[in-house]
Amino acid sequence: MMTDFFRPTMEAHDLKQCSALALAHMGDSVYELMTRGYLIQSGLVTSRNLHRETIHLVCAGAQAAGAQAILPLLTEDEQAVFRHGRNAKPKSIPKSSSPGEYALATAVEALFGWLYLQGEYDRINALFAVLLPAAQQWAKQHKKG
């Protein structure tokens, strides 16, 4: 039996057993991979520029801004996962973000992880397309130097 580690999928019953932080763990990497892909397609070619721009777009503040943009578009099931992620209790919060920003970022990551593990790639792309401009606007306003 061949296992696809690049596109793992889980049944709804098994997904319900995952904690919000486990879903966010997966969603964090999905979000960052999508951001990196977007930046490379945008024409950034040096690793320094790619890294700097990635950091600006994957931080909790940018993700929180993006969360506000996608919230009105979420289905009932997606809203439930989002709330579950937002209410998760991480062990620590980075000094660079507020607890509110970090909660929204965790919610986005949990949602992306949940969708990814169901194989809902088109839905993730649709939400990312709405989220990205809000994250970019936030990053533009908060860049240092």
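## Largest pocket

For the residue classes used here, Ala, Val, Leu, Ile, Met, Phe, Trp, Tyr, Cys and Pro count as nonpolar, Asp, Glu, Lys and Arg as charged, and the others, Gly among them, as polar. On that basis, the lining of the largest pocket splits into 12 nonpolar, 8 polar and 4 charged residues. Keep in mind that this is a predicted model.

The largest pocket comes in at about 550 Å³. It has 24 lining residues, and Val58, Cys59, Ala60, Gly61 and Ser96 sit closest to its centre. Helices α2 (20-41), α3 (47-58), α4 (60-70), α6 (99-117) and α7 (121-142) each chip in at least two lining residues.

## Second largest pocket

Next up is a pocket of about 300 Å³, the second largest. Its lining residues include Phe5, Phe6, Arg7, Tyr116 and Tyr121. The elements giving two or more residues to this lining are α2 and α7, with α2 making the largest contribution at 5 residues. Sorted by class, the lining of the second largest pocket has 9 nonpolar, 2 polar and 1 charged residues.

## Aromatic pairs

There are 3 aromatic pairs in the structure. Take Tyr31 and Phe112: their ring centres are 6.0 Å apart and their planes meet at 55 degrees, so this pair counts as tilted. Since Tyr31 belongs to helix α2 and Phe112 to helix α6, the pair ties together parts 81 residues apart in sequence.

Are Tyr31 and Phe112 buried or exposed? Both are buried. They also join Phe128 in one aromatic cluster.

Notes:
Residues numbered from 1 in each chain as written. Predicted model: local features only at pLDDT ≥ 70, side-chain atom pairs only at ≥ 80, totals over all residues. Heavy atoms only, no water. 1 Å grid on protein atoms, 1.4 Å probe; cavity = no way out; pocket = protein on both sides within 12 Å on 5 of 7 lines; lining within 4 Å. Points joined across faces, edges and corners; volume = space filled by probe spheres on them. Helix = DSSP H or I, 4+ residues; strand = E, 2+ residues; numbered from the N terminus. Phe/Tyr/Trp six-rings, centres within 6.5 Å; stacked < 30°, edge-to-face > 60°. Buried < 20%, exposed > 50% of the residue type's maximum accessible area, 1.4 Å probe, protein only.
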